[in-house]
Amino acid sequence: MLPAHHTAFNQHRDWYALVGTGLHYGVDLIENATGVAPSDPATARIALDELGFPVRCWAWGAFLQTGTRTR
């Protein structure tokens, strides 16, 4: 699986997990590993965190200010 790249960034890819030396989109990582996409990015973040992966966020706007994002 290729690491996250700035050309594929969008507002629905805000949580990342560090795997080796690469950052991977949380939802894509879970889907690639299990064959099932998580229901939302927060579910992917929680699962990856519970598995012990360092999880990082790209935050902006309301997400940066309040910790939640609006659609």
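Biologist: Which residues in α1 meet α2?
Modeller: This is a predicted model. On the α2 side, the contacts come from Pro41, Ala44, Ala47 and Leu48. Facing them in α1 are Gly26, Val27, Leu29 and Ile30.

Biologist: Are α1 and α2 roughly parallel or roughly perpendicular?
Modeller: Their axes lie 8 Å apart, and the packing angle is about 70°. Angles of 65 to 115 degrees fall in one class. So α1 is, relative to α2, roughly perpendicular.

Biologist: What does isoleucine 30 touch, leaving out residues up to four places away in sequence?
Modeller: Isoleucine 30 belongs to α1 and takes part in the meeting with α2. Its contacts are Gly35, Val36, Pro38, Ala44, Ala47 and Leu48.

Biologist: Which residues make up the largest nonpolar core?
Modeller: In soluble globular proteins, nonpolar side chains tend to be buried together. Here α1 and α2 each supply at least two residues of the core. Its six residues are Ala17, Leu29, Ile30, Ala44, Leu48 and Val55.

Biologist: Which strands stand at the edges of the sheet, and why is one side of each left without a neighbour?
Modeller: Three antiparallel strands form an open sheet, ordered β2-β1-β3. Each edge strand has a single partner, so one side lacks a neighbour in the sheet. The edge strands are β2 (22-25) and β3 (55-57).

Biologist: Which residue in β2 stands opposite leucine 18?
Modeller: Strand β1 covers residues 15-19 and runs antiparallel to β2. Four bridges join the two. Opposite leucine 18 stands leucine 23.

Biologist: At what angle does α1 run to β2?
Modeller: Helix α1 spans residues 26-34. It lies across β1 and β2. Its angle to β2 is about 85°.

Notes: Residues numbered from 1 in each chain as written. Predicted model: local features only at pLDDT ≥ 70, side-chain atom pairs only at ≥ 80, totals over all residues. Heavy atoms only, no water. Pairing = 2+ DSSP bridges. Contact = heavy atoms within 4.5 Å. Axes fitted to C-alpha atoms, helices over the stretch in contact; angles between N-to-C directions. Core = buried A, V, L, I, M, F, W, Y, C linked by side-chain atoms within 4.5 Å. Buried < 20%, exposed > 50% of the residue type's maximum accessible area, 1.4 Å probe, protein only. Parallel < 35°, antiparallel > 145°, perpendicular 65-115°, else oblique.
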